[in-house]
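Please open the model in a viewer and keep the sequence panel visible. The tour proceeds from the whole chain to a single side chain.

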Amino acid sequence: MKASKKDLVEIAGIFAVVASLIFVGMQLQLDRKVALAEQYSNRAESVKADRRIILESDALMQNLEERWALGWRPVYWDEDWEIAGLVKEGALSSRGVIAEIISKQLAIIGYDTIYYQYRQGLLDEESWSGLRSSLKRGMAQNELTRAVYIQFARTTIQPVVEELLHEIESERLATESDE
């Protein structure tokens, strides 16, 4: 059976329509991912703005300091936090500890937003790898950073935080066994 030129043109036209529909579908998926990432980022920025208000408000910080002096501690606070918070021996004032916790909350929210974008395929592997190394370094070097990240990591990035904690602990044990 021999196909006429008209039949070949119609078949080519069908393939062109199908290809363009596939392209449109792929573009819609990408647009949806970008929109979701933008919404996620906007929600994170809203939370970060609330935290920044506390940092910038003398009245709120004064209130927290007064409550701290009366013995108030956040519900998650325990002896490990007391040590990590450098409150013992007066290394940091209560205001300093509160400010450090809030600034580290801001950081983990930022990492979480970036990780969400990475998971959506909107950030390349190399960029995420560098940010992941930065996150790990901060957790390895500072007890308060580690404590805040464990306590405040959103469910999105919580597995990464746990993975990094495991890596840090494994590296610490390997270093100790070498000594």
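Helices (H or I, at least four residues) and strands (E, at least two) are DSSP runs, numbered from the N terminus. Colour the protein by these elements: seven helices and zero strands appear, in the order α-α-α-α-α-α-α from the N terminus on. This is a predicted model, in which local features need pLDDT of at least 70 and side-chain atom pairs count only at pLDDT 80 or more, whereas totals for chains, interfaces and linings use all residues. Residues are numbered from 1 along each chain as its sequence is written, and side-chain values use heavy atoms, with hydrogens and water left out.

**The whole chain**

Select the C-alpha atoms and align the view to the principal axes; the atoms fill a box of roughly 90 × 50 × 20 Å. The radius of gyration, taken over C-alpha atoms, is 25 Å, while a compact globule of 179 residues would have a value near 16 Å (the globule rule is 2.2 Å times the number of residues to the power 0.38).

Next, display the surface. The protein exposes about 11,800 Å², of which carbon and sulfur atoms supply 56% (Shrake-Rupley method, 1.4 Å probe). Buried residues, meaning those under 20% relative accessible area (1.4 Å probe, protein chains only), make up 28% of the 179 residues.

**The largest nonpolar core**

Now select Trp81, Ile101, Ile108, Leu135, Tyr149 and Ile157, which touch the most other members of the 26-residue largest nonpolar core. Such a core is a set of buried Ala, Val, Leu, Ile, Met, Phe, Trp, Tyr and Cys residues joined through side-chain atoms within 4.5 Å. Elements giving two or more residues to this core are α2 (58–69), α4 (94–119), α5 (125–141), α6 (143–152) and α7 (158–178). The largest share, seven residues, comes from α4.

**Two core members**

Which residues does Ile157 touch, not counting those up to four places away in sequence? With contact defined as heavy atoms within 4.5 Å, they are Ile108, Tyr111, Asp112, Tyr115, Trp128 and Leu135.

Finally, centre on Tyr149 in helix α6. Tyr149 is buried, because its relative accessible area is 6%. Beyond its neighbours within four places in sequence, Tyr149 is in contact with Lys104, Ala107, Ile108, Tyr111, Leu135, Met139 and Val161. Tyr149 and Met139 are ten residues apart in sequence and 7.8 Å apart in space, C-alpha to C-alpha.

Key:
Buried means under 20% relative accessible area, exposed over 50%, partly exposed in between (1.4 Å probe, protein chains only).
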